[in-house]
4 protein chains.
Amino acid sequence: MWEEKNNKLYKKFQFKNFSEAFAFMTRVAIEAEKMDHHPLWTNVWNTVEIWLSTHDAGDIVTDKDRKLADKIEKLMEP
Amino acid sequence: MWEEKNNKLYKKFQFKNFSEAFAFMTRVAIEAEKMDHHPLWTNVWNTVEIWLSTHDAGDIVTDKDRKLADKIEKLMEP
Amino acid sequence: MWEEKNNKLYKKFQFKNFSEAFAFMTRVAIEAEKMDHHPLWTNVWNTVEIWLSTHDAGDIVTDKDRKLADKIEKLMEP
Amino acid sequence: MWEEKNNKLYKKFQFKNFSEAFAFMTRVAIEAEKMDHHPLWTNVWNTVEIWLSTHDAGDIVTDKDRKLADKIEKLMEP
């Protein structure tokens, strides 16, 4: 579940290892560029944390963030 | 199944779409660099074809190729 | 220079090593997905070869291919 | 310049755009996996921030971190 806190949509993802985490990041990178809407994200080994907000709207959560969150969720489907 | 033909180990991989195929390629790239043993590979949209052989051994299939093939197989496990 | 041959736009790219070649491929992957227009490409170590044609137009070179070729060229600029 | 602060080696990198930043991240990911030593890192659009420390040594800066920092620096050379 994505949580909305501090005017950001946030979710933490955990994977088996770094390779799987980075492959996920590559797919998120592609989606982000397709939307021209980029996350703030952090990675350490198997963990990726993502925060989404819309800078141009004054750093709040907008439909753009919800749309990117949905696209990221779809990447997790088998 | 990897096939051995023309002194190469060969396998074709198919994915749901380009994003999934390229994420797989990123993981293979990491394994290849870790072994310092690089594939000949081709991609078009959801399809990745890989040929493995060992240049330094005279372009034949060696244990290095079998080891990289095994590592690539492991990437496919859920 | 991209060459037009056999109804494809073709160019070979060479880099210092695999890591640099694969970083380039990641950038091309992003551009391809943004255009929803994907190359046929081959990599072995420091070499990337790209062939562009438009399947929906009957596998000939169209403006879509020229546009993607231009975007790939721009990636090479310092 | 990498700075040592709070028992971490830290550096901020800035690029022309997201695509260039993510290509750099892909190269760092490969080096990290080769050393089996992974950064804490953050990205937002064209900016990548990296913090290096050695968990197994009690979260302090060790030679492993200096070695990975050097490898990352080498990626920036033209």
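Which residue is the bridge partner of B:Trp41 in strand 3 of chain C? I looked this up before anything else, and the partner in strand 3 of chain C turned out to be C:Asn43.

**Entry on the model and numbering.** I noted that this is a predicted model, in which local features need pLDDT of at least 70 and side-chain atom pairs count only at pLDDT 80 or more, while totals for chains, interfaces and linings use all residues. Residues are numbered from 1 along each chain as its sequence is written, and chains are lettered from A, with ligands numbered from 1, in the order in which they are written.

**Entry on chains B and C.** I then followed strand 3 of chain B, residues 40-44 (strands, E, at least two residues, and helices, H or I, at least four, are DSSP runs numbered from the N terminus). Strand 3 of chain B runs antiparallel to strand 3 of chain C, and 5 bridges join them; two strands count as paired if DSSP finds at least two bridges between them. Within chain B, strand 3 also pairs in the antiparallel sense with strand 4, residues 47-52, over 5 bridges, and here B:Trp41 stands opposite B:Ile50. The hairpin of these two strands has 2 residues between the strands, and in it B:Trp45 takes a positive phi near 45°.

**Entry on the sheet of chains A and D.** I traced 8 strands in an open sheet with antiparallel pairing, in the order 1(A)-2(A)-4(A)-3(A)-3(D)-4(D)-2(D)-1(D). The edge strands are strand 1 (3-5) of chain A and strand 1 (3-5) of chain D, each of which pairs on one side only. From one strand to the next, the twist averages 20° (axes are lines fitted to C-alpha atoms, for helices over the stretch in contact, and angles run from 0 to 180 degrees between N-to-C directions). Strand 1 of chain D is joined to strand 2 of chain D, residues 8-14, by 3 bridges, and D:Lys5 stands opposite D:Lys8 there. Helix 2 of chain A, residues 63-75, packs on the sheet and touches strands 2 and 4 of chain A, its direction making about 155° with that of strand 4 of chain A.

**Entry on how A and D are related.** I found that a rotation of 180° with 0.0 Å of shift along its axis superposes chain D on chain A, with RMSD 0.0 Å (least squares on the C-alpha atoms of residues with pLDDT of at least 70 in both). The two copies are therefore related as by a two-fold rotation axis. In chain D, the C-alpha nearest the axis belongs to D:Thr42, 2.2 Å from it.

Notes: Two residues are in contact if their C-beta atoms, placed from the backbone, lie within 7 Å.
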